[in-house]
Each structure stands twice: as C-alpha cells, then as structure tokens.
Amino acid sequence: MKIDILSDLHFDNYFYNKYSKDDVIKFYSQIIDFKNCGDVLVIAGDLGHNNHQNIKILKILKEFYKNIVCVLGNHDYYLNGKENKSLFKGSFERVSNMRELINKEDNIYCLNGDIIEIDSVKFGGCDGWYNDGYLQVNYPDEFFPKYSTNIMWQNSTPDYKNILEIENFDDIFEIEKPKIERVYKECDVMITHINPSAKKEYLNPKYHNELSNTFFCFDGEDYLKNGSMKYWIFGHNHDVIEYKEHNVKCICNPLGYFNESGNGSWVKIKQIEV
C-alpha cells in the first residue's frame, strides 16, 4: 500500500470565500502528483477553521484517493469568527461536528481513539495533545510549576485564546491520552497531530533552547517503545521532521501557512509504502 502524508493544511489560509473545485485541484497539483498518488492520504491535523470548507475540500481531494484518513489538530478546535460562534457553543461541539461530517462520507475517516483497517493495514490514532514532557525530559533537574507553564502557554500560543472550555495547557492531553492507549498496541500506522517524542534532537535545531517546545510535543517514549506501529505520522510542527525511535519511523510533512510553503510551491507530498 502506498500512503501519502501531509499535515497542517490550513485550508482557510489558502482558500477564501470565492474558490472553485478547479482552484483546489490546481493548487494541490503542485504538491501532489495526482497521476501517481497513493492509495491512502493521511492528514495529521489542522484542516482549517471552517468545518463546511474543510469537508468540501476533503471531498475534492477524495476524488483522487481511494481513502483519506485524518485526525484533527489544535486549529480544528478554534472557535473564532462570527460563523463558528453562531453555530457552536464551544470548541468541543465544533470538533464533534467536524468528526461527524467527515465520518459520514464514504472512505474518509477521522480517527478518535479507534482503528480503521484498509487492505490489511491498520491505521490508529487520535488528535493527541502536548504535555510537559519536553520540560521533564530535557530539564529533569528543574522544577516547573503548572501555573508558570500555564502562563508561558498563554503568552506563547494562540491556543489559549481560541480554544474554549479548557483552562490548562494539558487539559486536552488528559482527554487524548486514553485514546492513544486504546490503539497504540494494535496498529501499523499511528497518527496524532502532536510529535510523540519530547527529545530535543527531534525538533528544529533553531528552537532547541525554547521552553515553549513543550507545546509542540508530548513524551510518548513508552508508546514508541511498546507499540505495534511501524510508522507514526504527526504534524503541528511546521517543519519537515523525520526520525527513527525504537524502530518506529516518525514523519511530519506539513504544508503550513502560505508564507511558509511559498503558497504551496515549496512543499511536496511524502509517500511511504507499507
């Protein structure tokens, strides 16, 4: 099976109110070779801020793939803009609606602590989230009280302002952790939005001294060591990242924002074979 990998598509950063199917295909044709695309497209979170736009574009991409498997990312929880605030009472309602829209489509799956088997390959995953793993792994002799980490979180990421119904930086991690534990021993390909390693060497070197890295990974060492997966696909970091840990190939292949991708011209699909 050939699997194409992307994350952090941020649809609304590229497509606004007026766009057509041809616009979407033309844009992604510079990233994806539609004549030689894989059997499955894996999207490791951050579809975009508008659910209706997200599903519309997913359905266009589905015309070129037998299956699409995705998880949601932090931006998929954002409750910003008049439309979202009028449609949803909170971030979790928006997320629930996005999953429902995706999963009612044929051969498009949004994983939420479950496994989907396609041609004998088992895909498992969930959104995942960050915790204080980076701080604990890289600064084991220092003490970081939760209130100070919360303040750093509030000052260094827009998640605090745009995700309703959470108070602490790791609230969603506590929700997502049991979902990871339901599937990591049963899948061939694991998918989360967040990097499963808190080791400094698996992040962009220019950020190695940034404590805020803790909001870009979690300490998933035990999952990598004891899981059944051959690949772990993630996003959130807007940098191409590949590493191997405990014989698990971990891959991040993000599109990112238009200024990071050269409006798509600097990014190419990553394809693996399982």
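**Pockets, sheet pairing and loop residues**

The lining of the second largest pocket comprises three nonpolar, seven polar and two charged residues. The structure described here is a predicted model, and the values below were computed from its atoms. The volume of this second largest pocket is about 290 Å³. The N-terminal-side contributors to its lining include Asp12, Phe15, Tyr16, Asn17 and Tyr19. His49, Asn50 and Gln53 also line the second largest pocket, as do Asn80, Gly81, Glu83 and Asn84.

The largest pocket holds about 480 Å³ of space. It is lined by 23 residues, of which Tyr207, Phe216, His236, Asn237 and His238 are the closest to its centre. Sorted by class, this lining consists of seven nonpolar, ten polar and six charged residues.

An open sheet is formed by five strands with mixed pairing, in the order S4-S3-S2-S1-S11. Its edges are strand S4 (108-110) and strand S11 (270-273). Each of these two strands has a single partner, so one side of each is left without a neighbour in the sheet. On average, and with direction ignored, neighbouring strands of this sheet are turned by 20° against each other.

Within the sheet, strand S1 (2-6) pairs with both S2 and S11. The pairing of S1 with S2 is parallel and extends over four bridges, with Ile3 opposite Val40 in S2. On the other pairing, S1 and S11 run antiparallel and are joined by four bridges; here Lys2 stands opposite Glu273 in S11. Four of the five residues of S1 are buried, so this strand is largely enclosed by the rest of the structure. Strand S2 (residues 40-44) also runs parallel to strand S3 (residues 67-71), to which it is joined by five bridges. Val40 of S2 thus recurs in this pairing, because its bridge partner in S3 is Asn67.Two aspartates in loops that follow strands of this sheet have positive phi values. Asp8 lies in the loop between strand S1 (2-6) and helix H1 (11-14). The phi of Asp8 is near 55°, a positive value in a residue other than glycine. Asp8 has a relative accessibility of 0% and therefore counts as buried. Asp46 is located in the loop between S2 and helix H3 (51-62). Although Asp46 is not a glycine, its phi is positive, at about 60°. With a relative accessible area of 1%, Asp46 is buried, since the limit for burial is under 20%.

Strand S9 (residues 241-245) shows alternation of its side chains. Those of Ile241, Tyr243 and Glu245 point to one face and are buried. Glu242 and Lys244 point to the other face and are not buried. S9 runs antiparallel to strand S10 (residues 248-252), and five bridges join the two. In this pairing, Ile241 stands opposite Cys252 in S10. The two strands form a hairpin with two residues between them. His246, in the turn of this hairpin, has a positive phi of about 55°.

Two further loop residues make side-chain contacts with backbone nitrogens. Thr157 is situated in the loop between helix H7 (146-156) and helix H8 (159-162). A polar atom of the Thr157 side chain lies 3.2 Å from the backbone nitrogen of Asp159. Thr157 has a relative accessibility of 15% and so counts as buried. Asp188 belongs to the loop between helix H9 (171-183) and strand S7 (189-191). The side chain of Asp188 reaches the backbone nitrogen of Lys122 at a distance of 2.8 Å. Asp188 is likewise buried, with a relative accessible area of 17%.

Notes. Residues are numbered from 1 along each chain as its sequence is written. This is a predicted model: local features need pLDDT of at least 70, side-chain atom pairs count only at pLDDT 80 or more; totals for chains, interfaces and linings use all residues. Side-chain values use heavy atoms; hydrogens and water are left out. Buried means under 20% relative accessible area, exposed over 50%, partly exposed in between (1.4 Å probe, protein chains only). A polar contact is a pair of N or O atoms within 3.5 Å; within protein, one must be able to donate a hydrogen and the other to accept it, and residues adjacent in sequence count only if both atoms are side-chain atoms. On a 1 Å grid over the protein atoms alone, a cavity is a set of points where a 1.4 Å probe fits but cannot get out, and a pocket is an open set with protein on both sides within 12 Å along at least five of seven lines; lining residues have an atom within 4 Å of a point. Grid points are joined across faces, edges and corners, and a volume is the space filled by probe spheres set on the points. Ala, Val, Leu, Ile, Met, Phe, Trp, Tyr, Cys and Pro count as nonpolar, Asp, Glu, Lys and Arg as charged, and the others, Gly among them, as polar. Two strands pair if DSSP finds at least two bridges between them. Axes are lines fitted to C-alpha atoms, for helices over the stretch in contact, and angles run from 0 to 180 degrees between N-to-C directions.
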